[in-house]
Structure formats: C-alpha cells, structure tokens
Amino acid sequence: MCGIIGILSDLPAAPRLVEALKRLEYRGYDSAGVALLEGGKLKRLRAPGKLNNLDEKVRELPLKAGVGIGHTRWATHGQPNATNAHPHASGRVAIVHNGIIENFRELREAMEKRGRKFETETDSETIAHLIDEGLSGGLAPKDAFRTMLDQLRGAFAIAAIIEGEDNLILGGRRGSPLVIGVGEKEMFLGSDALAVGPFTQRVIYLEEGDWCALTRTSFEIFDAAGKKVLRAETHVPAAGAAAEKGNYRHFMQKEIYEQPDFAGRTIAAYVEAFDLKAVLPTRPGKKAIDFTQFERIQIVACGTAFYAGFVAKYWFEQLAGIVTDVDVASEFRYREPVLGPKTLAIVVTQSGETADTKAAMEYCRAKGVMTAAVVNVPTSSIARECDAILPTLAGVEIGVASTKAFTAQLCALLATAIAAGRARGFLSRESEKEHVAAMLELPRLISEALKTEAQVQKLAVEIAKARDVLYLGRGPHYPIALEGALKLKEISYIHAEGYAAGELKHGPIALIDEHTPVIMAAPHDHLLEKSLSNLQEVAARRGKVFLVSDAAGIKQAGSAPFGTIQIPDCLRAIQPIVTTIPLQLLAYHVAVEKGTDVDQPRNLAKSVTVE
C-alpha cells in the first residue's frame, strides 16, 4: 500500500525523492516523509496529509545530500500524524517500511526492558531500533541489517540509511515488493518500477526473502539464507510515462477513457482474429491450462477483482459447462475449503501483490491444486508464483478505484471461458466464432458507451444529493450492480449497496422511498421482463429508477424509469462489460459533483499488501 523510494547519487536527493513519491500517490497514503544524510548527519522531514505539505518543507531548506529515503504511509499502526510518519529513526539509523511486523510488540517490549526508548505508536520504529542495537553491539551495517531481518515476522519491504555511511542504502523484502533501479553512478530502491521510473529504465526485481546493499556504483543481493545471488535486470521503458494525466481532470477519468485501447490490447492477446478463435496466452516457465482435465473452477479475489470473478462464474458455467465457485480471498482459506484434484484455482488481481489473494493461492497450491492468475503486473509476486498466467494488459492504473483493470480482467476471463467451452466441447465452433467476433467489437462498443458521459453527468447531479443508493441487476448484471455500488461509495462516500434484483422483496424494498435512487443494470435479455417487474415495484413506492439498458430494453420499460442511460446493442455475453462503462462514469461524476478526492479517496489504498 505505502510507497518507498531510496536514492544514492551525487545530485541533491530531496527534490527527487518527492518527485518519486508523487508517482506513488496512487497507492494511497495519509502522511509522507524523507530522511537524508545531510552533512553526514541524519535529517528527517515529515508531514501528515498530502505530499504538498512535505514538498513545502523540502523547498524551505537548501538540502544538498545525495543519499536519502522517502515514504508515503498508509496507517496500519498508530495515528496518521507527523510523529508516526516515516522515516523512523533510532540512533544512527533511519528506515522506511511497507507492510506489518506481526511480532513488533514482543520485540519492542524486549528492547524496552533493555533500556531502549520508543517515540511512536508504530510497528515500523521497531526495525530502526533493531538495526541500531546491532550497530551498538559492534555489528557491521550489513550484518546488523541481516540480524534485524531474521527477527521479524510478517510481510514487509524495508529501506534503511545509516549515519556515517553516506555511500550505502540497505533494503529487504518479504511479502511486499521492492525493486532496485540501476543508474549511471547512482542507484535507486523503490516499492515498484514506477517509483524509480523518473530516473532509470533499468530495474531489478528482488525476489521473496531477498535483501540488498547499494552503493552509488554497485549493488549486492542476498537471498533469505544470506547467500549472494544474481537477479535478472529488466528494461521498463514505460515506467515513468504512464503517470501523466494528460488533458484529463483526474487519473480515473483518463483511465476510464483508456479502456477501449487496453481492452483491445487484452483481447488481442486472447483471440486469433483471423480464425475467430479464443486462445490462451503462453508464457515461458508457465503451464498450459487443459480445461478437459478439470471438473470445477475455484475463483478467488478481493474487491473489484472479486466482482470480475463473480461475472466470470456465469461465463464459465454458461459457456463452458463447468461448475464454478467464487470466494472473497480474505475469507477463503479460513473456511478450509475442500479442493479436489480436478479443480482449477483462478486468482484475480490487478497488482499481483494483494496479500489475501496471494495467501489464498498458496493455500490452493498446498492442496495440490493447479493455480492460474489473472494479473496485470507480470513481474509481481503472484504472477511469478502461479502455475499458469492469464495476463491483463491494462497498463499502469493510478486511480485507486479500479476501472480499466476491471474491464481488462473481464475481457481475459470471458476469452478464457470461451476457450474452455470450446476445449470441453460444450461450445460449438459457430458459437465460439460468434463470441470471439463480439469480443473484437468491444473496443468500439466501449467507445460508444463512453459517449453517454454528458447524459451521465446530468444524472450525477441528482444522485449526488442522495444519502443512499441501491443498485440492482440479474444474472451477470448482479455482480455489475455490486461493482457499480462499490465504485460510488469508494470515491463519492455515498452509501450504496448492490442487490440481486430478485431479492428486492426479501428486504431491500423496505428502504425504497422518494429519496433513495435506484440504479438498475438491465440490458435486453431473457431476464429483462423479470427485471422490469422489479422496476415497477420500485416506481410504485415513489422510488426513482435510473435504467441502464440498450434501445430494446429502454423501449420495453416504457415510462416507468425516472431516467435512462442507453448503451449500444451487443451480444448477451459481453453486455456486462459494456454496462460497466456508464456506471464508472456515474461514480466519477458524482464524486466530482461532491468535490471528493477522486484519485485518492480517503482510507483506501491501491494495492493492499497486508491482511
């Protein structure tokens, strides 16, 4: 969730640290800070709130130090104030840390008994004390760092600098990502490639348990056992360019409008356009998925990715005839599910670092089940560790509320379901052609759906007045209703809930009055008549229903809806993807109308790398 950057250079580090931290704002944060070796002495600048507060402090001082570390913090232990902001220090040591140290209390209590004084409420300060204690005991810097790592239990990424060591940054990871950036007579350490992107395109991804020692001109990497190892260098040309808003007001708006392009890229990886065939991408070192060998699919994911998996449940069952279960990753392994040998586990994640999803995948692997990952970051932990990879090509997504990553996940999952149906003989060749042809139309259909923005913007003015909003859908549009509600509450802070339309009479109808707008996702399909019956029930109770449907659906609804948003006609299977677009636009414009922080909504983080 939090962001890390470290710089070793002869150039002033402070402004570059802030520049890199701005690239990491999308991860979510509530405070920020930097630590530098200024004149050989540790100097820390920290501030709660937005990075502008830290930037002002940096600009007030003529800092010349070439070595420093920076951090954007999302509070897990301790209040989000200046005292608890990173970097943390003890004696000669300053550190920044992502993740949670599970045993920090026992470590802290033991050190307090030895006379150490703590200043903060955080688990992270424990790390600085452990390193400084090692140094005070006569250990060399690398040995003190390694000894500290051996005492920690939890998931973390750490960067450290030490007073008197102005040509050294130490870093280590376990469960949270960390990368080295290789420059010309300068080195960088970051929580992802985007952090080091402004300075270099040469990136080395540390593997699980790795730790490293950087100087301006060299680096050493050690594995969890302390053995010196080599890791491959990767060229990441787009690491910096993707972080610009261009002509858009917010990253979220930009990413909504990027969906035709990135949906097209993802689809292109899964279909042979000439033959209208669905194919699964292959990757070196990964297994091929033979769907004839499986009797069941288990999908596991969190948040928006869970709703993508929920939609895919309908696709796998209707197009491939294979029993499919969907679970929230944070609950999955705790119910100790029974997984047979003919089960394929599919995890869905944008970042590939989501802690609960990763743990669920590890549970499946421990049960001897083949795992496949629908993932957007091919160098992520989940992408590296899964048996088979189902990539999404959504590019870097900056807005905390996922948009283009969600549609890319849907595209990848639909294509996979089509390929599975054909492989299992459940889907005819003609039906495969029809569905692949429809997928190839998706970029255009999404572009057409984006043309509803002016209409949606007018509707947003009405929705922004509400305290509560209900979303309804049937079939695969039920999870789309859930996703629409999630988007609205994520960025506008309006309470919103999604329901299966058929469940309306089983409780939610009690909430209906003239002050509770209802958004119904119901394109023309075999369930439309039932959905319109629910619409009438709401209208009869003075509820305002806003119908998202195609021309045939809107015509059939007649005058019952208070308002309508028309999406283009399309094949039933791809309707959920197209329907998603106006719901994203609606959430965006309601948030803009209310004046909330669209790209960095309160209390949320882009990549949840702790439980």
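How much area does the protein expose, and what share of it do carbon and sulfur atoms supply? Show the surface of this predicted model. About 23,100 Å² is exposed, and carbon and sulfur atoms supply 49% of that area.

Switch to the C-alpha trace. Along the principal axes, the C-alpha atoms fill a box of roughly 80 × 50 × 45 Å. The radius of gyration is 25 Å. A compact globule of 611 residues would have a value near 25 Å, so the protein agrees with that expectation.

Now turn on the cartoon. Expect 19 helices and 27 strands. Then display contacts. Take those with a separation of 6 or more: 72% of them join residues 24 or more positions apart.

Colour by burial next. Of the 611 residues, 62% count as buried.

Select the charged side chains. There are 71 positive and 74 negative charges. Mark the mean position of each set: the two points lie 0 Å apart.

Finish with the cysteines. How many disulfides are there? The count comes to zero. Go to Cys364, which is in no disulfide. Its nearest cysteine sulfur belongs to Cys386 and is 12 Å away. A disulfide needs two cysteine sulfur atoms within 2.5 Å, so at 12 Å the Cys364 and Cys386 sulfurs do not qualify.

Is Cys364 buried or exposed? Cys364 has 1% relative accessibility and counts as buried, because the cut-off for buried is under 20%. Last stop: select Cys212. Cys212 is also buried, with a relative accessible area of 0%.

Key. Residues numbered from 1 in each chain as written. Predicted model: local features only at pLDDT ≥ 70, side-chain atom pairs only at ≥ 80, totals over all residues. Heavy atoms only, no water. Buried < 20%, exposed > 50% of the residue type's maximum accessible area, 1.4 Å probe, protein only. Helix = DSSP H or I, 4+ residues; strand = E, 2+ residues; numbered from the N terminus. Rg over C-alpha atoms; globule rule 2.2 N^0.38 Å. Contact = heavy atoms within 4.5 Å. Areas by Shrake-Rupley, 256 points an atom, 1.4 Å probe, with all protein chains shown as cover. Lys, Arg positive; Asp, Glu negative; His and termini not counted. Charge placed at Lys NZ, Arg CZ, Asp CG, Glu CD.
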